[in-house]
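Hi,

Here is the structure I promised to pass on. Have a look at it first, and my notes on what turned up follow below.

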Amino acid sequence: MDKIMLGKIAALVDEQVIAAPGAARRPRGLVGNTPVLWVGEPFAPGGLGFWAKLEGFNPGGMKDRPALHMVRRAELRGDLAPGARIIESTSGTLGLGLALAGLVYRHPVTLVTDPGLEPIVARMLTAYGARVEVVAAPHPDGGWQQARRDRVAELLAAERDSWCPDQYSNPDNVDGYESLALELIEQLGTVDVLVCAVGTGGHSAGVARVLRRSNPALKLIGVDTVSSTIFGQRAGTRLMRGLGSSIYPRNVDYAAFAEIHWVAPAEAVWACRTLAATHLASGGWSVGAVALVAGWAARTYGPDATVAAVFPDGPHRYFDTVYNDDYCAEHGLLDVTPPTEPDVLTHPAQRQVESWTRCDTVLDPSAFTVERVR
């Protein structure tokens, strides 16, 4: 190699801080070691900003990590027999992770989902060898999630030795995010503020737990969708997938949160599209909602605070929703610019929220009645 070429490589490495990823001999080696990207304006002005952990660089997204961990731990305990079927409810991302885990550990996989699953994800799950079942109608109280869980229970009863990870209450789901937290520490050092979407509660609990070993003063900000029950609002029809819930996942660590923000679909779409246009790094509903709140956190906590946000996936599965003008126009999601500051609740059941709102009183909904919401 001549000196000119060596000089060009050296200049490129110096400018972009390039580090080649390790060589992977098997698919398992593709998971983890995801990059972080600085996100500044227009989310935060004047040199302020936050670090986005780009989990979309995993083969299936962030949940590849806990999927592999839950399956391996179940095997080691003897809960999952060699070659036994894995059956689980999913809105998409965990399904991709379990398809990977089934391939790695040689288990057939059945995934129960609902009509909201993006067609591209359904097709890829089938291509990856998973069996996909779609429930026909939501549960009258627990919505699509409970309908999926009921079908999972039926399938488990019908197939001997089958096993369900139960991502909503499995502590291995939480523990599966240790690697993500350790990577953040290696990449950023001390993290002062962590912003996470909340669905099953796994990654917010798991990442914060590890980060607090090096910084006990860490502030954890949760991001939920409007019409989600997780933090005490009434359940309603939810357009956004990947965050929020119509049930109460046991993995949510309520005591760990400093505050919670609810974000509406149009606000998440604005953030997703703005990220794509300004940073060439975006994702789906959770990514947009988290970016909106992380920008606020960067502005609020100032230049001395290291703010990190977890982006659970990339944009590809959302081409028919978040990045589709016809879909967004049909649902009134275009030409909406979020306010620079969220509305504020003093109690999560003070009233039903319909747009970006924050509350620094974070309670397990079992501690109060959701019927208080007006």
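Let's start with Ser-245, which is buried, with a relative accessible area of 0%. Do keep in mind that this is a predicted model. Ser-245 sits in the loop between β7 and β8, and its side chain reaches the backbone oxygen of Ile-247 at 2.9 Å. If you set aside the neighbours within four places in sequence, the residues in contact with Ser-245 are Gln-145, Gly-199, Ser-228, Thr-229, Ile-230 and Arg-238.

Now the sheets. One is an open sheet of 8 strands, ordered β1-β2-β9-β6-β7-β8-β11-β10, and its pairing is mixed. At the edges you'll find β1 (36–39) and β10 (343–345), each of which pairs on one side only. From one strand to the next, the twist averages 25°.

The strand I'd look at in there is β9 (residues 307–311). How many of its residues are buried? For β9 the count is 5 of 5, so to speak mostly covered. Both faces are covered: Val-307, Ala-309 and Phe-311 are buried on one side, Ala-308 and Val-310 on the other. As for its partners, β9 pairs with β2 (residues 50–54) in the parallel sense over 4 bridges. Within that pairing, Trp-51 has Ala-308 as its bridge partner, and Ala-52 has Ala-309. With β6, β9 pairs in the parallel sense too, over 3 bridges, and here Val-193 has Val-307 as its bridge partner.

The other open sheet has 3 strands in the order β3-β4-β5, with parallel pairing. Its edges are β3 (86–89) and β5 (131–134); each has a single partner strand, so one side of each is left without a neighbour in the sheet. Here the twist averages 20° from one strand to the next. Strand β4 (residues 109–113) is joined to β5 by 4 bridges, and the two run parallel. If you want a residue pair to click on, Val-112 stands opposite Glu-133 in β5.

On to the helices. In α8 (residues 202–214), the buried residues are Gly-202, His-203, Ser-204, Ala-205, Gly-206, Val-207, Ala-208, Val-210 and Leu-211. What do they pack against? The buried residues of α8 pack against the helices α6 (171–175) and α7 (178–188), and also against the strands β6 (193–197), β7 (219–225), β8 and β9.

Helix α9 (residues 265–279) lies across β1, β8 (257–263) and β9, and runs at about 100° to β1. It also packs with helix α10 (residues 285–301) at an angle of about 85°, the two axes being 7 Å apart. That makes α9 roughly perpendicular to α10. On the α9 side, the residues involved are Pro-265, Glu-267, Ala-268, Val-269, Trp-270, Ala-271, Cys-272 and Leu-275, and on the α10 side they are Trp-285, Val-287, Gly-288, Ala-289, Ala-291 and Leu-292. Sorted by class, this contact of α9 with α10 has 12 nonpolar, 1 polar and 1 charged residues.

That's what I have for now.

Cheers

Key
Residues are numbered from 1 along each chain as its sequence is written. This is a predicted model: local features need pLDDT of at least 70, side-chain atom pairs count only at pLDDT 80 or more; totals for chains, interfaces and linings use all residues. Side-chain values use heavy atoms; hydrogens and water are left out. Two strands pair if DSSP finds at least two bridges between them. Axes are lines fitted to C-alpha atoms, for helices over the stretch in contact, and angles run from 0 to 180 degrees between N-to-C directions. Contact means heavy atoms within 4.5 Å. Buried means under 20% relative accessible area, exposed over 50%, partly exposed in between (1.4 Å probe, protein chains only). A polar contact is a pair of N or O atoms within 3.5 Å; within protein, one must be able to donate a hydrogen and the other to accept it, and residues adjacent in sequence count only if both atoms are side-chain atoms. Angles under 35 degrees count as roughly parallel, over 145 as roughly antiparallel, 65 to 115 as roughly perpendicular and the rest as oblique. Ala, Val, Leu, Ile, Met, Phe, Trp, Tyr, Cys and Pro count as nonpolar, Asp, Glu, Lys and Arg as charged, and the others, Gly among them, as polar.
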